[in-house]
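User: I would like to learn how to read a structural model feature by feature, with the general idea given before each case. Could we go through one together?

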Amino acid sequence: SSNSGSQDGQKESLDDARALTGMIALRNRDFLLYLFGKGFASIAHQMVIVAVGYQVYDRTGNPMDLAYIGLASFAPAFGFALFTGYAADLFDRRLVLTICYGVMSTGAMMLFGLTVGDVPMVWPVLLCLVVMGTGRAFYQPASNSFVPNLVPPEQFPNAVAWNTGANKIAQVVGPAMGGGLYLFGPDVVYATAVTVFVIAIVTTAIIRTRSKPRGKEPPSFESLFAGVRYVFEKKVILGAITLDLFVVILGGVTALLPIFAKDILEVGPSGAGLLRSSMAFGAVLCAALMTQVAMSRNVGKILFAMVFIYGFATIAFGFSHWFWLSMVAMAIIGGSDMISVYIRSTLLQIATPDDMRGRVSAVNSVFTGASNEIGEFRAGVMAAFVGAVPAVLFGGIGSVVVAAVCWKLFPVLARVQRMDRNL
């Protein structure tokens, strides 16, 4: 009878898991609209990034310009860090997202104008990226903190899986579209991106859900820094963010894809787009897996395992001189990163109260923005001085070392067993 009771309990647990996986989160109208809006905006942004990187490098041949592109994209997130999270907590997050998409579309329109006008200088392009980066800076905290408002609490992990997956799908479609349309000219890429941004604006604007923060604190030093203080007090969040920051600063290779595509693999702009898409394709496969799985054991150890795989795949990409092998390595990088992002994103949101999510998400955005943009800057600088291949190998080895160090520094993160609301 005890065995029968145990089997019944296991069956009920399995049924509960199935009820909270699959497409359950997509049954919420506003969450579905949110996904479409975010997906379209991400596609447009990826198209622009692919076109800008190849256009600038093709014009100047200077790897440092790729580093400046990453820096220009990240600078607004760092400069407005305290205010972006406060805006997400103070104002309706739907409205904030809509405005952000409008600002990003303005940056794309400016790039279109520069290209049609055949402006030869690089600095106006960087200015356009600063405009787009400003929209992204306010978009990230509002977007991340809006998801818990759109689905019931028990469906949140499934919603995070779909949310992350939608972004990765955009990273497949966006670079492929950007690389393909670039063959007709960068102006075509930017014009198309503006159109896609407009679709994102409309889709997001018709969301019915309004976020209603519990309290509207007046802006003060204490309220603006509340997110920073909470992150440092919550070691699970601090460990997850720190791991992401240093691993991607060292391991990021996307800024060097134009160099690998043109000079090492000799596959041109469409090949650069395919390399980015391969990375995102691996991520999409893992995102689909995450929608069908409810993690209930060894979540922390899985997170660290994915980071180790990410580092070793980066090393393999650096050594590769075959396009097919580089594609496989990028797919593994994307897949392992997807799983680690899914775990970190879920832990971040469930460990934070709703009236703090915007500010905590802003802190996380600065860390993740730094890890991506400064990582690209690091890669570009190293490539300029020692070459693209040594720059990638250094990053891959460094990622493995950092993962091992963080395991020792944040044992509470490694000990996380499941993702629930009791963190």
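User: Is F260 buried or exposed, and what is its relative accessible area?

Analyst: Please keep in mind from the start that this is a predicted model. The general idea is that a residue counts as buried when its relative accessible area is under 20%. In this structure F260 is buried, because its relative accessible area is 0%.

User: Before going further into single residues, how many helices and strands does the chain have, and what share of its residues is buried?

Analyst: The chain has 18 helices and 0 strands, and buried residues make up 58% of its 423 residues. The exposed surface of the chain comes to about 17300 Å², with carbon and sulfur atoms supplying 67% of that area.

User: What share of the contacts joins residues that are 24 or more positions apart?

Analyst: Among contacts with a separation of 6 or more, residues 24 or more positions apart account for 88%.

User: How does one read a single helix, for instance α8: how many residues does it have, and what is its reach from first C-alpha to last?

Analyst: The reach of a helix is set against the span expected at 1.5 Å a residue. Helix α8, residues 186-205, has 20 residues and reaches 29 Å from its first C-alpha to its last, which is close to the expected 28 Å.

User: Which residues of α8 are buried, and what covers them?

Analyst: The buried residues of α8 are P186, V189, Y190, A193, V194, V196, F197, A200, T203 and T204. Their cover includes α2 (29-60), α5 (93-116), α6 (123-150) and α7 (156-182).

User: Taking T204 in helix α8, which residues does T204 touch beyond four places in sequence?

Analyst: T204 counts as buried because its relative accessibility is 2%. Leaving out residues up to four places away in sequence, T204 touches G37, R94, L97, T98 and Y101. With L97, T204 has a sequence separation of 107 residues and a C-alpha to C-alpha distance of 7.3 Å.

User: And I201, which also has its place in helix α8: what is its relative accessible area?

Analyst: I201 has a relative accessible area of 22% and is therefore partly exposed. Beyond its neighbours within four places in sequence, I201 is in contact with T98, Y101, G102 and S105. The C-alpha atoms of I201 and G37 are 6.8 Å apart in space, although the two residues are 164 apart in sequence.

User: How should I read aromatic pairs, and how many are there?

Analyst: The general idea is that two rings pair if their centres lie within 6.5 Å. By this rule the count comes to 7 aromatic pairs. One of them is formed by Y101 and Y139, a tilted pair with 5.7 Å centre to centre and 45° between the planes. This pair links distant parts of the chain, with Y101 in helix α5 and Y139 in helix α6, 38 residues apart. Y101 is buried, with a relative accessible area of 1%, and Y139 counts as buried at 7% relative accessibility.

User: What is the geometry of the pair that F260 forms with F317?

Analyst: F260 and F317 form a tilted pair, with 4.8 Å centre to centre and 40° between the planes. The two residues are 57 apart and link distant parts of the chain, F260 in helix α12 (residues 257-264) and F317 in helix α14 (residues 299-319). F317 likewise counts as buried, because its relative accessibility is 0%.

User: Which residues form one aromatic cluster with F31?

Analyst: F31, Y34 and F146 form one aromatic cluster. F31 lies in helix α2 and is buried, with a relative accessible area of 0%. Not counting residues up to four places away in sequence, F31 touches A25, L26, V147, L150, V151, A159, W162 and N163. Between F31 and W162, which are 131 residues apart along the chain, the C-alpha separation is 9.8 Å.

User: Finally, how is a pocket read: which residues lie nearest the centre of the second largest pocket?

Analyst: A pocket is read through its space and its lining. The second largest pocket holds about 320 Å³ of space. Its lining has 17 residues, of which L35, W162, G165, A166 and I169 lie nearest its centre. The elements that give two or more residues to this lining are α2, α7 and α13 (268-292).

Notes:
Residues numbered from 1 in each chain as written. Predicted model: local features only at pLDDT ≥ 70, side-chain atom pairs only at ≥ 80, totals over all residues. Heavy atoms only, no water. Helix = DSSP H or I, 4+ residues; strand = E, 2+ residues; numbered from the N terminus. Buried < 20%, exposed > 50% of the residue type's maximum accessible area, 1.4 Å probe, protein only. Contact = heavy atoms within 4.5 Å. Areas by Shrake-Rupley, 256 points an atom, 1.4 Å probe, with all protein chains shown as cover. Expected span 1.5 Å × (residues − 1). Phe/Tyr/Trp six-rings, centres within 6.5 Å; stacked < 30°, edge-to-face > 60°. 1 Å grid on protein atoms, 1.4 Å probe; cavity = no way out; pocket = protein on both sides within 12 Å on 5 of 7 lines; lining within 4 Å. Points joined across faces, edges and corners; volume = space filled by probe spheres on them.
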